[in-house]
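Hi everyone, thanks for making time this morning. I'd like to walk you through one model and the places where its parts meet.

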Protein chains: 2
Amino acid sequence: MAKRQGQIKLGAFHYISGHHIAAWRHPGASADTSLADYVNFAKTAEAAKFDAVFLADSVDVRLLHPEGAARKAHTGITLFEPLTLLAALATATSRIGLIATASTSFNEPFNLARKFASLDHISGGRAGWNLVTTNDPEAALNFNHMAPVPPAQRYARAEEFVDVVRGLWDSFEDDAFLRDRDSGLYVDLAKLHVLDHQGPHFQVKGPLNSPRSPQGHPVVVQAGSSEPGRELAARTAEVIFTAQQTLAEATRFYADVKGRLAKYGRAPDELKIMPGAFIVVGRSEAEAQDKFEALQQLIQPEVGLELLRVMLGVDLRGYDLDQPIPPLTDTLGSKSRQTLVAELARREGLSIRQLYQRIAGARGHWQLVGTGAQIADELEERFVHYGADGFNLMSPLLPQGLTDFVELVLPELRRRGLFRTEYEGRTLRENLGLARPAHRSARAGASVAAE
Amino acid sequence: MAKRQGQIKLGAFHYISGHHIAAWRHPGASADTSLADYVNFAKTAEAAKFDAVFLADSVDVRLLHPEGAARKAHTGITLFEPLTLLAALATATSRIGLIATASTSFNEPFNLARKFASLDHISGGRAGWNLVTTNDPEAALNFNHMAPVPPAQRYARAEEFVDVVRGLWDSFEDDAFLRDRDSGLYVDLAKLHVLDHQGPHFQVKGPLNSPRSPQGHPVVVQAGSSEPGRELAARTAEVIFTAQQTLAEATRFYADVKGRLAKYGRAPDELKIMPGAFIVVGRSEAEAQDKFEALQQLIQPEVGLELLRVMLGVDLRGYDLDQPIPPLTDTLGSKSRQTLVAELARREGLSIRQLYQRIAGARGHWQLVGTGAQIADELEERFVHYGADGFNLMSPLLPQGLTDFVELVLPELRRRGLFRTEYEGRTLRENLGLARPAHRSARAGASVAAE
């Protein structure tokens, strides 16, 4: 295989005080992340030429069951909802992409299509939608469901949801609005396309009450790595946010998903695979380890166990913490996440206690601790072997994790020609190397179910 | 009656190129209202000490039926969705309130509670929610309904919706978050209140994944003037955005709604009544009339008829335009809006053509054309006779309508002591003179159904 050309894409994943579960207890973290903290984060990432800021989301409060843990854990409760927050950040930045997570299970496609189109207009073409189906068992209880929604049902809804959203984004052709004062003609109705979608989950007439947005369609990101998640991504996503621990896993996943694109008439480059990478970097290995240990020591045991409950979908309280995890038969959460974490425990021979310590930082994602050169080596290896098109940086502690990466890792990547020194374009699409989608009226043989 | 004390509250209502239906054709208007236009609007209103910017909204494209009109009318299609837009405007302003319209018929209460809480956090306590039930007949077709939702059903849902939202805003007490690094205690669970709402329309467990917002609850505005709208407002709203043409109508409405508050244990001052006022102001009467006529001349007849279809809920094409409107038996839209417009036609003896010309600016709201002193006289009269606590300014043309009002009317109001020269507070609530609601755990005998 010839040495891979091109450059790494980078997303800056934001999680409150930092991705490490005990980050909020660290004296360097803002425990109560304010708007100013987010603005600084976005500006720092933009100055470093990251492709995008990436916001996770949930629509419930996790970690509430076991009282001890709930009192002691940062429970994912934030001041801000991602779409409103990114609209605010859009005005403080000018080039960086803005990706928000939103659930297909608990939204209406008309509302979501409109909000992302609005964010794309506000930001001049920098919006991205991270489509999730929401596997938190408690989320459904906030939306009129008596029990968690089964995965098959969530994915069937997601499939149709994304088609409706894309259809609504094409309500008007790019040049539909004449706004001709003299003739009094406001809109060319020949360039209006009423969706008239009638499906099993959605009946949406349209049109969307918004002109086509700068990117045509905001970039669609997808986070699931399960079988239906991969298939949905292959058909509809432009970026995959995924989790792989090892190079072997990563290249297998990469080949699998890219291999599914052809049957949807898509080229491999139309989908960027950007796994998460939890990175602790120091000027020396010892400094990196020290930084990591400072966080590890702040983990409270009941919080660690609660983390396992969320990651494995199983409550392990009552088990001997110094024994391996028991055989797992079922999960209340994501099956692919359970498999990933259980596989990690098996591979590294970890006890329950060691397992929660092991994932308290990366939470199932790839974990790297080392010098700038070591980190760059690892990222380069994964990139050149087609294990990834880029990475979503998970900072252990904010703001330090991001600034450390910018100071210590980016210069290494740039020296190797692996990361940009200036943005290639004005839109998120242009920077990611994704084409602007033609309006569906111009696409021949498009396989959009909504048409 | 002693002369009324206090000052007028003012909202700056924003409608695309201006409230007049032909505003987009005027050479002074931005036909394609950009983010910069909105930022300028908000900054101008803030410099003038308006209480709030007020954004209307709809979730469909109106005026699509008759082809001629659809091509020629500004169809309410905007680049921006109100909540994302206000989040962007929050960063460009620091004191003015930010009120967004959102529908109880086509949203989930958990999502809406969260977005308004987020806007309140982003803006430091300046968010307001204009609760509408959405009477546009076509809106329902974008949200899985096969036909428009009947008013009674919309209001029953709205009643429950607002209780759920308020309950979710009280998920945590103000001081629930300890974030104590040393003890490792993040949250005081005694100050967490799970909603566990089980009602006919909604089953929402909660809690909301957001700390209590700066205002406790974002300000709740309500726009309906029908019988169920008044009752809902008396029980739950803090501001009413309404439409009355005459002083007699206004004082009757004011007395009626304020009179309903006692049975909900509320004082008259806990609800501010702020009708719309469409104002064309000039340095002389002739200048004001000229400005108005310049807009009136831009109205295209088919657009005028389409406006009547929307306002009356009846299609009058085919009728003799120079005859009075025929007896109206039914409406596809708002009954109270139909009554208001039909009453205007009867009172002023207008033909169909004259009626659409008459409402093309104010669209059912109070219309004033005159000098600064004349406008101030009218506003003062309505205020001192308890016809209003304030007004929502509808600018015929933007940005000129707002700057005209600031230059020509505000100095008159200030001379009379009727409008502030500086903000009284930091939050929308403080400026409107509304108390910050105590957390429901501290309210004795609160009549919140969700509790």
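Before anything else, let me say what I mean by contact: heavy atoms within 4.5 Å. And please keep in mind that this is a predicted model.

Let's begin inside chain A. Chain A is split into domain 1, covering 9–143 + 216–285 + 364–435, and domain 2, covering 300–359. Over C-alpha atoms, the centres of domain 1 and domain 2 of chain A are 24 Å apart. How many residues of domain 1 of chain A are in contact with domain 2 of chain A? There are 22, and they meet 20 residues of domain 2.

The two domains of chain A bury about 1,800 Å² between them, with 57% of that on carbon and sulfur atoms. On the side of domain 1 of chain A, the residues that lose the most area to domain 2 are Lys72(A), Asn135(A) and Gly364(A), which together make up 25% of what that side buries.

Lys72(A) comes up again in the charged pairs. Between domain 1 and domain 2 of chain A there are 2 salt bridges. Lys72(A) pairs with Glu302(A) in a salt bridge, with 2.9 Å between the closest N and O atoms. As for helices, H2 (residues 67–72) of chain A gives the most to the domain 1 side, with 3 residues. That side of domain 1 of chain A holds 9 nonpolar, 9 polar and 4 charged residues.

Now on to the two chains. A turn of 180° and a shift of 0.0 Å along the axis lay chain B on chain A with an RMSD of 0.0 Å. So this is the relation of a two-fold axis. Which C-alpha of chain B is nearest the axis? It belongs to Ala88(B), 2.2 Å away from the axis. The same surface serves both copies, since 100% of the contact residues of chain B recur in chain A.

Here 75 residues of chain B are in contact with 75 residues of chain A. Chain B and chain A bury about 6,600 Å² between them, 57% of it on carbon and sulfur atoms.

This interface has 4 salt bridges. In one salt bridge, Lys115(B) meets Glu81(A) at 2.7 Å, N to O. There are also 41 residue pairs in polar contact between chain B and chain A. Among the elements that give two or more residues to the chain B side are helix H3 (82–90) and strand E5 (177–180) of chain B, while H4(B) gives the most, with 7 residues. In all, the chain B side divides into 36 nonpolar, 22 polar and 17 charged residues.

That's my tour, and I'm happy to take questions!

Methods
Residues are numbered from 1 along each chain as its sequence is written. Chains are lettered from A and ligands numbered from 1 in the order in which they are written. This is a predicted model: local features need pLDDT of at least 70, side-chain atom pairs count only at pLDDT 80 or more; totals for chains, interfaces and linings use all residues. Side-chain values use heavy atoms; hydrogens and water are left out. Domain bounds come from an automatic or database domain assignment. Buried area is the accessible area (1.4 Å probe) that two parts lose on being put together, summed over both. A salt bridge is a side-chain nitrogen of Lys or Arg within 4 Å of a carboxyl oxygen of Asp or Glu. Helices (H or I, at least four residues) and strands (E, at least two) are DSSP runs, numbered from the N terminus. Ala, Val, Leu, Ile, Met, Phe, Trp, Tyr, Cys and Pro count as nonpolar, Asp, Glu, Lys and Arg as charged, and the others, Gly among them, as polar. Copies are superposed by least squares on the C-alpha atoms of residues with pLDDT of at least 70 in both. A polar contact is a pair of N or O atoms within 3.5 Å; within protein, one must be able to donate a hydrogen and the other to accept it, and residues adjacent in sequence count only if both atoms are side-chain atoms.
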